[in-house]
Amino acid sequence: MVVRAEALLQKIQKEQEEKLLSIQVPKTIDVAIDAGNLLACDSNPIDTKQLRSDKENYLKNLAREGTQLLFNEIWKLPIERVQDAVIAKVPSPTTVIPREKPIPKAKPPTKWEEYAKLKGIRKLKKGRMVWDDESKSWKPRWGYNRANDDTKEWVLEVPANADPNEDQFEKKLKEKKERVAKNELQRLRNVARRTGKKVPGVGRTAVGQEKQSKLELEAAFHVSKQATASLGRFQETLKGEKNVKKRGQKRKFEAVTQKGNTEKEKQLSILNQMYKKSPQLNLTKAVNKEIQDGHSVKFVIFNVCSKAGVQRRAKSMFNLFVTIFLSG
Amino acid sequence: MENEIVKPRSQRHRRVLKARAPKIHENDKKTMFVRGGNTSDVVTNVLKEMYMLKKPDALLLRKRNIARPFEDQTTLEFLSKMNDCALFMFGSHSKKRPNNLVLGRFFDNQTLDMMEVGVDVFQSLREVKTSKCPLATKPCLVFSGSLFESDDELRKVKNILIDFFRGPVVENIRLSGLEHVMQFTAEEGKIFLRSYRVLLKKSGSRTPRVEIENMGPNLDLTIRRTHFASDDLFKKACKQPRAAKPRKVKNISSDVFGAKKGRIHMTSQDLKNLQLRKVKALKRKPDASSGKSPKKKPKI
């Protein structure tokens, strides 16, 4: 009976031990652990016999041992409790891994920044919204739907010293385009100064335009060739280049002598058009022209149950009448 | 310089350019999975499974790209630049190189390292019928075998594998979230990749007993060709900016009660001739030792 009790005790002890299994892993060479990368490097040589005979189990064992040692290290780290989760603070990785992009270089100041520093001019932070007296509301200082919008002026005074036939709206648009181009040039000049390279061209000849098509490159070439004081007259031609004097669309003229009744028919059709009662007005063409020029009164017609096409036609007709009235 | 010339067309464009610009603390590396001119079933499945492992920092390119990475790297470099991916896995199949995979990485849109492996045996996630761990778990990496230390080539291969599989670099980890283990074993010219799921059991101490279960995918790879970066390029790529290094805080300590204490180091001072505030009461009386009393002039 005593023997049976002993055997039973041993059995219970063994079961208990198996439940609380050890976390120790004996290894001849220490396993290098990089907690930052969750990495365990086991440099112990592999038993090739075991590998060949019972591969999956052997690999599984190796993995288990490596993971156990890694976890032993991780559980030693300082712990925090954040919202039901236990978090360990992990050190930075020790394995040297290359970066994906080079280290950013400090940007040298632009010409304005240097001047501002010299003079002690500081940047004042301005608010996004400004009070607009016209619409009596708060509007953004810049961008879409901005306050005090210069471009939306529908009346412009003709100054005393200006040519009365000059289009003031055109003049304003031109000046804006010039200002934008100047700003772009200044920006590119800053870039060139920063990188130490020459000023890249603007527009067609801009550097950095990738994968220009053959036509684009040809156009850029011809533009740059003409960009001399004598408009390209004394520029040397390259080998194989066809030196064409006039570029662009060729004007087409009809033959001097024509067959049959063509001339007679043409003259008669012109006469017929002149005698027609309905106006020979291409509405869409005229309207598009007006929209292009941009100084028509925009009037939104609200029509609840109408299709977009009809609404557009109505709007365009109104526009046309207003411009005729204004110009007339 | 190109990045500076390109003027962002919208706020969104500006944000994208900012995200892709070189930084002190870099973004997590993205991986692209590319299919070559001709692929086999095995190769396509491997690419798909690896893509699933590496989601969301991964891109599986839909179109085929006819390229030979070891001859001409321009196609892959172009793709890496367009997709902003620093790591890639290129799969192809040919009679000479069956079930071929090329793993590689870029630095500054130039090829840094590449390694070509052939897939001998592949067991997909679906074939191994066990429960899996959730997507985007940071894996624990285990490298077994002395060859990873002794062999030069395998040491660099190990670096590539760590870079490829480690996932995002984090400061804190949730202890219950350590579920995925990837094991790489090196044998004569071969690498065995095994993936396990972790089960934590009770042990006598605070640290749990680790039990693992194979969940797939499992790959038996043969190393074919390798192309490693020159030493100076690798050095240049590994350079860390000064700002990223953790700065040591000197002369500040805290006592048992948590009070912050600092140490100031002063130059040597002559205590007799210190420049202090003058207090008249502390002024030494003139000729007190000689016994003469100061003569007071009588007021008239």
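In this predicted model, strand β4 (residues 100-107) of chain B is largely enclosed by the rest of the structure, because eight of its eight residues are buried. The burial extends to both faces of β4(B). On one side lie B:Asn100, B:Val102, B:Gly104 and B:Phe106, and on the other B:Leu101, B:Leu103, B:Arg105 and B:Phe107, all of them buried.

Strand β4(B) is paired with strand β3 (residues 87-92) of chain B through six bridges, and the two run antiparallel. Within β3(B) and β4(B), B:Leu87 stands opposite B:Arg105, a residue that belongs to one of the two covered faces. An antiparallel arrangement is also found between β4(B) and strand β5 (residues 110-123) of chain B, which are joined by eight bridges. Here B:Leu101 has B:Val117 of β5(B) as its bridge partner. The hairpin formed by β4(B) and β5(B) has two residues between the strands, and B:Asp108 in this hairpin adopts a positive phi near 55°.

The association of the two chains was examined next. Contacts between them involve 63 residues of chain A and 74 residues of chain B. The size of an interface is often given as the accessible area lost when the parts come together. For chain A and chain B, the buried area amounts to about 6400 Å², with carbon and sulfur atoms contributing 62%. On the chain A side, the residues that lose the most area to chain B are A:Trp75, A:Arg99 and A:Glu100, which together account for 14% of what that side buries.

Open space in the model was also analysed. The second largest pocket has a volume of about 1300 Å³. Its lining comprises 42 residues, of which A:Pro93, B:Glu26, B:Arg166, B:Val169 and B:Val170 are the closest to the centre of the pocket. Two or more lining residues are supplied by each of three elements of chain B, namely α3 (41-54), α6 (152-165) and β8 (180-187). Classified by residue type, the lining of this second largest pocket contains 21 nonpolar, nine polar and 12 charged residues.

In chain A, A:Asp132 is located in strand β5 (residues 129-132). The relative accessibility of A:Asp132 is 4%, and this residue therefore counts as buried, the cut-off being under 20%. When neighbours within four places in sequence are set aside, the contacts of A:Asp132 are with A:Ser137, A:Lys139, A:Ala147 and A:Asn148.

Note on methods: Residues numbered from 1 in each chain as written. Chains lettered and ligands numbered in written order. Predicted model: local features only at pLDDT ≥ 70, side-chain atom pairs only at ≥ 80, totals over all residues. Heavy atoms only, no water. 1 Å grid on protein atoms, 1.4 Å probe; cavity = no way out; pocket = protein on both sides within 12 Å on 5 of 7 lines; lining within 4 Å. Points joined across faces, edges and corners; volume = space filled by probe spheres on them. Helix = DSSP H or I, 4+ residues; strand = E, 2+ residues; numbered from the N terminus. Nonpolar A, V, L, I, M, F, W, Y, C, P; charged D, E, K, R; others polar. Buried < 20%, exposed > 50% of the residue type's maximum accessible area, 1.4 Å probe, protein only. Pairing = 2+ DSSP bridges. Contact = heavy atoms within 4.5 Å. Buried area = accessible area lost by both parts, 1.4 Å probe.
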